[in-house]
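Here are my notes on the model you sent. They are in numbered points, so take them in any order.

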Amino acid sequence: MERILRATGKAYHPQCFTCVVCHRSLDGIPFTVDASNHIHCIEDFHKKFAPRCSVCTEPIMPAPGQEETVRIVALDRDFHVQCYRCEVSQSPWEDCGCLLSEGDNQGCYPLDGHVLCKTCNTSRIQALTAKATTDL
């Protein structure tokens, strides 16, 4: 009879207590369970269930060795901090692509479903106002 590991209300041989994704032994390693009570290593749990960035489509998850991360939500979309930028579009205006989480243009000024910096938002509103005035 060898050592028995108890977790999630069940008994396991240490070599049988593994992540359902990568099958790595979780004996003595932090783990979590999903809604179906399936056991995951922390990394695979985040890869599988973490929100995805609307720009790069990668999961928003903690860096290796970290337990937490920052997720930005704007216009019902998720962003990594480094992906949260003034959007470049294929419209008549070309936006700057500056980081919205820091610097002089910090903050989101949405317009027509796009996340924009204050400068680009102001420029677009002025251009739209001018066009609306000439269309009258």
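1. Is Phe45 buried, partly exposed or exposed? Phe45 is partly exposed, because its relative accessible area is 22% and the buried class ends under 20%. Keep in mind that this is a predicted model.

2. Phe45 has a ring partner. Phe45 and Phe49 form an aromatic pair, with ring centres 4.9 Å apart. The planes meet at 45 degrees, so the pair is classed as tilted, since stacked needs under 30 degrees and edge-to-face over 60. Both residues sit in helix 1 (residues 42-49). They are 4 residues apart, about one turn of the helix. Phe49 is partly exposed too, at 40% relative accessibility.

3. On the other rings: the structure has 4 aromatic pairs. Ring pairs also join Tyr12, Phe17 and Phe31 into a cluster.

4. Next, the nonpolar cores. The largest has 12 residues. Its members include Ile72, Phe79, Tyr84, Leu100 and Leu111. Four cysteines belong to this core as well: Cys86, Cys98, Cys117 and Cys120. Another core, of 8 residues, lies apart from the largest one. Leu5, Phe17, Cys19 and Leu26 are among the residues of that second core. Phe17 thus appears both in this core and in the ring cluster.

5. Asp78 deserves a look. Asp78 lies in strand 6 (residues 77-79). Asp78 counts as buried because its relative accessibility is 18%, and the limit is under 20%. The Asp78 side chain makes a polar contact with the side chain of Arg71, at 2.9 Å. Setting aside neighbours within four places in sequence, Asp78 also touches Pro51, Arg52, Cys53, Ser54, Ile60, Ile72 and Val73. Ile72, one of these contacts, is a member of the largest nonpolar core.

6. Now the overall layout. The protein chain holds 2 helices and 6 strands. From the N terminus the order is β-β-β-β-α-β-β-α.

7. The chain is not a compact globule by the numbers. Its radius of gyration is 23 Å, whereas a compact globule of 136 residues would have one near 14 Å. The C-alpha trace spans about 85 × 30 × 20 Å along its principal axes.

8. Last, burial and contacts. Buried residues account for 29% of the 136 in the protein chain. About 9000 Å² is exposed, and carbon and sulfur atoms supply 53% of that area. Of the contacts between residues at least 6 apart in sequence, 25% join residues at least 24 apart.

Key:
Residues are numbered from 1 along each chain as its sequence is written. This is a predicted model: local features need pLDDT of at least 70, side-chain atom pairs count only at pLDDT 80 or more; totals for chains, interfaces and linings use all residues. Side-chain values use heavy atoms; hydrogens and water are left out. Rings of Phe, Tyr and Trp (its six-membered ring) pair if their centres lie within 6.5 Å; planes under 30 degrees apart count as stacked, over 60 as edge-to-face and the rest as tilted. Buried means under 20% relative accessible area, exposed over 50%, partly exposed in between (1.4 Å probe, protein chains only). A nonpolar core is a set of buried Ala, Val, Leu, Ile, Met, Phe, Trp, Tyr and Cys residues joined through side-chain atoms within 4.5 Å. A polar contact is a pair of N or O atoms within 3.5 Å; within protein, one must be able to donate a hydrogen and the other to accept it, and residues adjacent in sequence count only if both atoms are side-chain atoms. Contact means heavy atoms within 4.5 Å. The radius of gyration is taken over C-alpha atoms; the globule rule is 2.2 Å times the number of residues to the power 0.38. Accessible areas come from the Shrake-Rupley method with a 1.4 Å probe; for residues, only the protein chains shown count as cover.
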